[in-house]
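The exercises below are meant to be worked through with the sequence and the model open side by side. Each one sets a task and is followed by a solution that goes step by step.

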Amino acid sequence: MPAPTTSPTRHLRTRADGASQPITSVELFFDLVYVFAVTQLSHLILGDLSVGGVARAAFLLLVVWWAWIYTTWMVNWFDPTSAAVRGVLTGVMLASLLMAAALPEALTRHGVLFAGAYVVLQVGRNLAGAGLLPRGTALRDVFERLVGWSVVSGALWLAGAALHGDRRLLLWIPALAIDLAAPLAGYWLPVRGRAATTDYDIEGGHFAERCQGFIIIALGESIVVTGATAADAGLTATVVLCLVIAFLETAALWWLYFGGAAEHSRAVMTASDDPGRLARDAYTYLHLPIIAGIIAAAVGDDLLIADPHEALHGVGLAMVLGGPALYLLGENLFRWRMTASVNPKRLGLAVLLVALALAGGHVSALLLSAVVAALLVVLALWELRSPGAPPVPRPS
């Protein structure tokens with residue numbers, strides 16, 4: 001959610017040239033709900049290992065991410081130490097919790113709760129943002145645009161909730177399409193026209209760090225799920241070996257994101273003349289495949305621990321191989337948007353992982369997962385030994 005320059009008010013963060021904007025405890029507290037939401041998504045896939053089940057989980061992931069990232073846009077501007085802003089964040093957190101609780105049955109019994117919580121979250125936050133700002137300011141204009149777009153999509157979300165089962169998607173898919181298209185459309189409104197990303201005065205370092213925090217949420221959920229599954233399965237020698245393999249894969253994914261490129265990207269955001277455009281493209285949109293890949297890899301790790309000696313097929317095989325491949329592809333898209341460069345080693349490994357599907361159904365989940373984890377660890381160590389020069393920022 002973009003925000004243009006405006007005169008200071010008591011509810012906005014204090015900006016200073018060259019000063020970093022800290023992440024507050026309120027923002028970290030808010031993130032706890034999304035740890036639960038990501039866990040719900042992985043359990044949803046595990047409960048329905050089918051193409052349809054994965055498609056539904058992907059749809060719901062888009063909703064969860066959109067709720068979180070728009071709040072991140074808001075808090076980049078509004079000061080969480082303000083009592084009014086904290087009140088708004090607390091309300092958004094409650095709505096997020098209700099939405100997350102309803103996720104597994106959003107298309108069955110709890111569609112009204114799911115859609116209602118999401119609409120209250122989006123519309124309510126935008127209304128509150130507009131209400132906290134003086135009339136006639138540029139930032140209030142953007143929040144008023146957001147209210148307009150969220151009300152239109154919200155009407156479709158609520159109308160869809162009145163339908164039954166997958167028929168809800170007839171209205172929910174257009175509603176989500178409106179939500180996803182809004183930033184690219186510049187929040188166009190009749191008479192007012194479009195907003196320009198050059199008007200979005202965000203603090204790039206804070207925004208990048210917040211999105212890095214969601215990567216930690218997704219990776220942390222992977223550790224929670226695999227650890228809980230291992231404990232339930234009984235800590236036999238085989239289960240412990242599977243847990244070690246799952247952890248090494250998660251640690252390698254962490255290193256491949258945070259081993260240097262994340263800090264370079266943060267520096268690019270901080271120095272950019274148009275950080276709003278980068279925040280929209282590289283973080284708001286292009287972090288989605290990275291996060292989806294982490295969730296899929298976590299599902300694969302859970303399948304490994306649950307039945308290590310059986311071969312995986314179909315969706316299960318796609319989770320083990322496709323999750324890390326999607327992660328590597330997403331990271332390269334993110335890198336390309338930030339620096340106009342790609343990492344051939346990571347792209348090559350993504351292709352290799354997809355190619356392993358030809359043999360993956362003929363070996364045990366234990367062997368296949370061990371190969372995947374080993375390849376990711378080798379890639380991380382290879383890059384550690386030859387990190388190369390920092391990527392050059394691309395023009396915004």
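## Exercise 1: The two sides of helix H13

In this predicted model, identify the buried residues of H13 and determine how they are arranged around the helix axis.

Solution. The buried residues of H13 are found to be Arg 346, Leu 349, Ala 350 and Leu 353. They lie on the same side of H13, because the arc that they cover around the axis is only 105°. On the face turned away from this buried side, H13 carries the exposed residues Pro 344 and Val 351. The next step is to look for what covers the buried residues, and the cover includes helix H8 (237–258), helix H12 (314–339), helix H14 (357–360) and helix H15 (365–385). The length of the helix can then be checked: H13 runs over residues 344–355, and its 12 residues should span 16 Å at 1.5 Å a residue, which agrees with the 16 Å between its end C-alpha atoms. Finally, the N-terminal end of H13 is capped by Asn 343, which has a side-chain oxygen 3.0 Å from the backbone nitrogen of Lys 345.

## Exercise 2: Ring pairs in helix H2

Classify the ring pair formed by Trp 65 and Trp 68, and then classify the pair formed by Trp 66 and Tyr 70.

Solution. The structure holds 19 aromatic pairs. For Trp 65 and Trp 68, the ring centres are 5.3 Å apart and the planes stand at 25°, so this pair is stacked, given that planes under 30 degrees apart count as stacked. Both residues of the pair, Trp 65 and Trp 68, lie in helix H2 (residues 51–77), where a separation of 3 residues places them about one turn of the helix apart, and both are buried. For Trp 66 and Tyr 70, the centres are 5.6 Å apart and the planes stand at 35°, so this pair is tilted. Trp 66 and Tyr 70 are separated by about one helical turn, because they are 4 residues apart in helix H2, and both Trp 66 and Tyr 70 are buried. Elsewhere, ring pairs link Trp 73, Phe 207, Trp 254, Trp 255, Tyr 257, Phe 258, Tyr 283 and Phe 334 into a cluster.

## Exercise 3: Two further residues of helix H2

Decide whether Asn 76 is buried or exposed, and do the same for Val 51.

Solution. Asn 76 lies in helix H2 and has a relative accessible area of 0%, so it is buried. When residues up to four places away in sequence are not counted, Asn 76 touches Arg 13, Arg 15, Gln 21, Ile 202, Glu 203, His 206 and Phe 207. Val 51 also lies in helix H2, but with 67% relative accessibility Val 51 counts as exposed. Along the sequence Val 51 and Val 315 are 264 residues apart, while in space their C-alpha atoms are 6.7 Å apart.

## Exercise 4: Positive phi in a loop

Where do Tyr 187 and Val 191 lie, and is each of them buried or exposed?

Solution. Tyr 187 lies in the loop between helix H6 (169–181) and helix H7 (204–233), and Val 191 has its place in the loop between H6 and H7 as well. Neither residue is a glycine, yet Tyr 187 has a positive phi of about 50° and Val 191 has a positive phi of about 75°. Tyr 187 counts as buried because its relative accessibility is 2%, whereas Val 191, with a relative accessible area of 92%, is exposed.

## Exercise 5: The surroundings of Tyr 285

Which residues is Tyr 285 in contact with, leaving aside its neighbours within four places in sequence?

Solution. Tyr 285 lies in helix H10 (residues 275–285). Leaving aside those neighbours, Tyr 285 is in contact with Trp 66, Leu 180, Pro 183, Leu 184 and Arg 280. One of these, Leu 180, offers its backbone oxygen, which the side chain of Tyr 285 reaches at 2.4 Å. The C-alpha atoms of Tyr 285 and Trp 65 are separated by 9.6 Å, although the two residues are 220 residues apart along the chain.

Note on methods. Residues are numbered from 1 along each chain as its sequence is written. This is a predicted model: local features need pLDDT of at least 70, side-chain atom pairs count only at pLDDT 80 or more; totals for chains, interfaces and linings use all residues. Side-chain values use heavy atoms; hydrogens and water are left out. Helices (H or I, at least four residues) and strands (E, at least two) are DSSP runs, numbered from the N terminus. The expected span of a helix is 1.5 Å times one less than its number of residues. Buried means under 20% relative accessible area, exposed over 50%, partly exposed in between (1.4 Å probe, protein chains only). The arc is that of the directions from the helix axis to the C-beta atoms. Contact means heavy atoms within 4.5 Å. A polar contact is a pair of N or O atoms within 3.5 Å; within protein, one must be able to donate a hydrogen and the other to accept it, and residues adjacent in sequence count only if both atoms are side-chain atoms. Rings of Phe, Tyr and Trp (its six-membered ring) pair if their centres lie within 6.5 Å; planes under 30 degrees apart count as stacked, over 60 as edge-to-face and the rest as tilted.
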